[in-house]
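This briefing is meant for a reader who is meeting the structure for the first time. It begins with helices and how they pack, and then turns to salt bridges and to one residue followed through its contacts.

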Amino acid sequence: MVLLDILIIGMLLLIVTIVITALGHLWVATPFVPTATKVAEAMIDCAEFKGNETADDLGAGDGKILIHAKRRFPGITAKGYEIALGVWFFGLIRIFLSRTGAQLFWRDALKQNLRDADVIFLYLLPHMMRRCAEKFDRELRPGTKVISHAFQFHGKEPMAQHVIPVGRSQKKVFVYQW
């Protein structure tokens, strides 16, 4: 009986989260599209962590990159920012269950201070990439790595580009140094 109650509550929370997320995306500039695990792992490889850096994920979604990075490099500080309430809540649960110590904040990433970041992960649409580039020019320390899934910065050459086969398609990861 208790298990059935837990399942019913879990299903209700899932439905509420989906509805909140759907409604929230009417006001959010970027939809939630999960990063494939192979791409997340490739992005973490591109970061070349030594073990004590600070990594920020802007538009962190479900927290996948944060979780995988903390599992591989427990000494890093992994912070993410997500503005869509339902997605943030789902990510918060994932991070809690992962017990990695990663942090996920329900905040607008473009309003956060990123000066302490050594690495920044992104999977954002081109209009958001333009806004991020302006912010990065103002805030990031020289040498900060910015790793983008799928989308490039207009007018900025990546220092590396990687193609990751995922199923029948290929995904691109671009590495920049600010």
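The expected span of a helix is 1.5 Å times one less than its number of residues. The model discussed here is predicted, and helix H5, which covers residues 126–139, can be set beside that expectation: its 14 residues reach 20 Å from the first C-alpha to the last, close to the 20 Å expected at 1.5 Å a residue. The points below are grouped by topic.

**Helices H5 and H4**

- In H5 the buried residues are Met128, Met129, Cys132, Ala133, Lys135, Phe136 and Glu139, and what covers them includes the strands E1, E4 and E5, the last of these spanning 145–149.
- H4 likewise has 14 residues, and the distance from its first C-alpha to its last is 20 Å, close to the 20 Å expected at 1.5 Å a residue.
- Within H4, the residues Gly86, Val87, Trp88, Gly91, Ile95 and Ser98 are buried, while Arg99, which comes just after the helix, takes a positive phi of about 55°.
- As general background to such lists, an α-helix has 3.6 residues a turn, so residues three or four places apart point the same way.

**How the helices pack**

- Two packed helices are described by the angle between their axes and the distance between the axes.
- The axes of H2 and H3 come within 10 Å of each other and cross at roughly 55°, which makes H2 oblique to H3.
- The contact between these two helices is made by Thr37, Ala40, Glu41, Met43, Ile44 and Asp45 on the H2 side and by Lys64, Ile65, His68, Ala69 and Arg72 on the H3 side, and H2 passes H3 in a right-handed crossing.
- For H3 and H4, the axes come within 9 Å and cross at roughly 15°, and H3 therefore counts as roughly parallel to H4, the cut-off for that description being an angle under 35 degrees.
- H3 passes H4 in a right-handed crossing, and the residues in contact are Lys64, Leu66, Ile67 and Arg71 of H3 together with Arg94, Ile95 and Ser98 of H4.

**Salt bridges**

- Side chains of opposite charge can pair when their charged atoms come close, and the structure holds 9 salt bridges.
- One of these joins Arg72 to Glu41, with the closest N and O atoms 2.7 Å apart; because Arg72 lies in helix H3 (residues 64–72) and Glu41 in helix H2 (residues 37–47), the pair ties together parts that are 31 residues apart in sequence.
- Both partners count as partly exposed, Arg72 at 36% relative accessibility and Glu41 at 24%.
- A further salt bridge is formed by the side chains of Asp62 and Arg94, at 2.9 Å from N to O; Asp62 lies in the loop between strand E1 (54–58) and H3, and Arg94 lies in helix H4 (residues 85–98), so this pair ties together parts that are 32 residues apart in sequence.
- In this pair Asp62 is buried, with a relative accessible area of 8%, whereas Arg94 is partly exposed at 27%.
- The side chains of Asp116 and Lys79 also meet in a salt bridge, with an N to O distance of 3.3 Å, and this pair links distant parts of the chain, 37 residues apart, with Asp116 in the loop between strand E3 (103–106) and strand E4 (119–122) and Lys79 in strand E2 (residues 77–82).
- Asp116 counts as partly exposed at 38% relative accessibility, while Lys79, at 11%, counts as buried.
- Salt bridges that share partners join Glu41, Asp45 and Arg72 into one network, and these three residues also appear in the contact between H2 and H3.

**Leu66 and its surroundings**

- Is Leu66, a residue of helix H3, buried or exposed? With a relative accessible area of 1%, Leu66 is buried, since the cut-off for that word is under 20%.
- Once neighbours within four places in sequence are left aside, Leu66 is in contact with Asp57, Ala60, Ala78, Lys79, Gly80, Ile95, Ala102, Gln103 and Leu104.
- Gly80, one of these contacts, is 14 residues away from Leu66 along the chain, and the C-alpha atoms of the two are separated by 7.0 Å.

Note on methods
Residues are numbered from 1 along each chain as its sequence is written. This is a predicted model: local features need pLDDT of at least 70, side-chain atom pairs count only at pLDDT 80 or more; totals for chains, interfaces and linings use all residues. Side-chain values use heavy atoms; hydrogens and water are left out. A salt bridge is a side-chain nitrogen of Lys or Arg within 4 Å of a carboxyl oxygen of Asp or Glu. Helices (H or I, at least four residues) and strands (E, at least two) are DSSP runs, numbered from the N terminus. Buried means under 20% relative accessible area, exposed over 50%, partly exposed in between (1.4 Å probe, protein chains only). Axes are lines fitted to C-alpha atoms, for helices over the stretch in contact, and angles run from 0 to 180 degrees between N-to-C directions. Angles under 35 degrees count as roughly parallel, over 145 as roughly antiparallel, 65 to 115 as roughly perpendicular and the rest as oblique. A crossing is left-handed if the near helix is turned anticlockwise from the far one by less than a right angle, and right-handed if clockwise. Contact means heavy atoms within 4.5 Å.
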